[in-house]
Amino acid sequence: MGIYKIIILSFVLALNVDARPISYSGGSTVMLKSDNMSKSIYYHYSPTYKYSVGIENLEDKFFNKNKNYLRLTYLINRKNTDISQRNLYFQSGVLIDDTDGFFYGIHGDWETRRWFSGFGYKDTKNTFGQDYTDQYIQLGVAPYIGDYGDLHTWIMIKTKKNSLTNTQSTYPELKFFQGPTLVKFGYSDKTEWDLHFMYRF
Amino acid sequence: MGFTLYVQILKKGELMKKILLTLLLASPLAWAEQDHANMHDHSHEGHLHDTMVDGKNLDVSAERFDAFMNELTNVNVAVVSVKGMVCDFCARGIAKTFEKDETVQKIDVDLDNGKVLIAYSKSKDINYSEIEKKILSNGQSMSDLQILEI
């Protein structure tokens, strides 16, 4: 399947994002997400493995408005060992249409081939007249260890909280990835679907 | 049409929830089977433990190494030990970087042992710092390099 078909299909499915926020040097990534708060498409390019720059179009479901962010993600710290990798990232974005609006935050992860844990905190300022925060924690286990090029599967549990809706939800997620493509989906009674698609090239 | 289908799927949240739960319950079975398969492989295939001139062991799956060398001639093989290569995405970046080098004939990634096997044309002077730099440019680190002259 060609890259254009993948992108078009991704738009149609209107899915969700996160995973690795920076690609390898010279790599590009298209991410799509959908959850109870927003739907978005995000493209980023990584000149080096240390940072990525990108643009995100986001449909805000709470304010019922559309916004466009110019985004920067920076790898603050990485620890590689024989069996694990740990990352800490700084993320930020500025509204293109209204530079008073911006967000910043950190997220981190620690991962082996069997286990995954991650967290994130994002503070959004002056967006449609309000400030709010998003937080999440995620834990995962790979039910089997796939080889290079295989289909990889993760069973995860995520808990997230948003200060606008003041809701906290905890729910299971399934993540699949093979080659350059990743799909993740979770469901909660409170916040319904949390969907995520990523393609790296 | 695709969007309508997506909306219909969302409306059928209850059905999808059941599918999700079924998948979650089925996964530990797959896990158990995979672990058993891995144990079976290890007991029969073993590893290639060639002792190098420097006294180090070359810890590469023998089956994997044979498959890698199949149809390759007139090459030198760099066996690179990589730290932080915990997922397919990391490994894919490394493979892409080395594939740009025209002297590279073949690449294989052994995620289990954290090794990257690179077959270079004989004419290539394999350089430690060049490989180290390429691994680092992908965000991983190289802990060792062994060169096999075939």
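These legends go with a set of close-up views of a predicted model.

**View 1. Chain B from end to end.** Here's the parts list for chain B: five helices and six strands. Walk along the sequence and they come up as α-α-β-β-α-β-α-β-β-α-β. The chain runs to 150 residues, and buried ones make up 25% of them. Take the chain B contacts between residues at least 6 apart in sequence, and 59% of those link residues at least 24 apart.

**View 2. A four-stranded open sheet in chain B.** The strand order is 4-5-3-6, and the pairing is antiparallel. Strand 4 and strand 6 (141-149) of chain B sit at the edges, each with a partner on one side only. Going from one strand to the next, the twist averages 20°.

**View 3. Strand 3 against strand 5, with helix 4 on the sheet.** Strand 3 and strand 5 of chain B run antiparallel to each other, held in register over seven bridges. To get your bearings, look for B:V75, whose bridge partner in strand 5 of chain B is B:S121. Helix 4 of chain B packs on the sheet and touches strand 4 and strand 5 of chain B. The direction of helix 4 makes about 170° with that of strand 4 of chain B.

**View 4. The largest nonpolar core.** This core has 25 residues, and the members touching the most others are B:A78, B:V80, B:C90, B:I94, B:V116 and B:I118. Which elements of chain B each supply at least two of its residues? They are strand 3 (75-83), helix 4 (88-99), strand 4 (104-110), strand 5 (115-121) and helix 5 (128-136). Strand 3 of chain B gives the largest share, with six residues.

**View 5. Zooming in on B:C90.** This cysteine is one of the core members with the most contacts to other members. Set aside the neighbours within four places in sequence, and B:C90 is in contact with B:G84, B:M85, B:N138 and B:Q140.

**View 6. A second core, separate from the one above.** This one has nine residues, among them A:M31, A:I41, A:F177 and A:M198.

**View 7. A:Y89 and its surroundings.** You'll find A:Y89 in strand 5 (residues 85-95) of chain A. Is A:Y89 buried or exposed? It counts as buried because 21 other C-beta atoms lie within 10 Å, and the cut-off for that is 20 or more. Leaving out residues up to four places away in sequence, A:Y89 touches A:P21, A:T73, A:Y74, A:L75, A:I76, A:I106, A:H107 and A:G108. If you also want A:G179 in the frame, zoom out: A:Y89 and A:G179 are 24 Å apart, C-alpha to C-alpha, and 90 residues apart in sequence.

**View 8. A positive phi at A:N166.** Most residues other than glycine have a negative phi. A:N166 goes the other way, with a positive phi near 55°. Its home is the loop between strand 9 (152-162) and strand 10 (167-178) of chain A. A:N166 is exposed, with 8 other C-beta atoms within 10 Å.

**View 9. A positive phi at B:E71.** Chain B has a case too: B:E71 isn't a glycine, yet its phi is positive, at about 70°. Look for B:E71 in the loop between helix 3 (62-69) and strand 3 of chain B. Why does B:E71 count as exposed? Because it has 7 C-beta neighbours inside 10 Å, and 12 or fewer is the limit for exposed.

Terms used:
Residues are numbered from 1 along each chain as its sequence is written. Chains are lettered from A and ligands numbered from 1 in the order in which they are written. This is a predicted model: local features need pLDDT of at least 70, side-chain atom pairs count only at pLDDT 80 or more; totals for chains, interfaces and linings use all residues. A nonpolar core is a set of buried Ala, Val, Leu, Ile, Met, Phe, Trp, Tyr and Cys residues joined through C-beta atoms within 7 Å. Two residues are in contact if their C-beta atoms, placed from the backbone, lie within 7 Å. Two strands pair if DSSP finds at least two bridges between them. Axes are lines fitted to C-alpha atoms, for helices over the stretch in contact, and angles run from 0 to 180 degrees between N-to-C directions.
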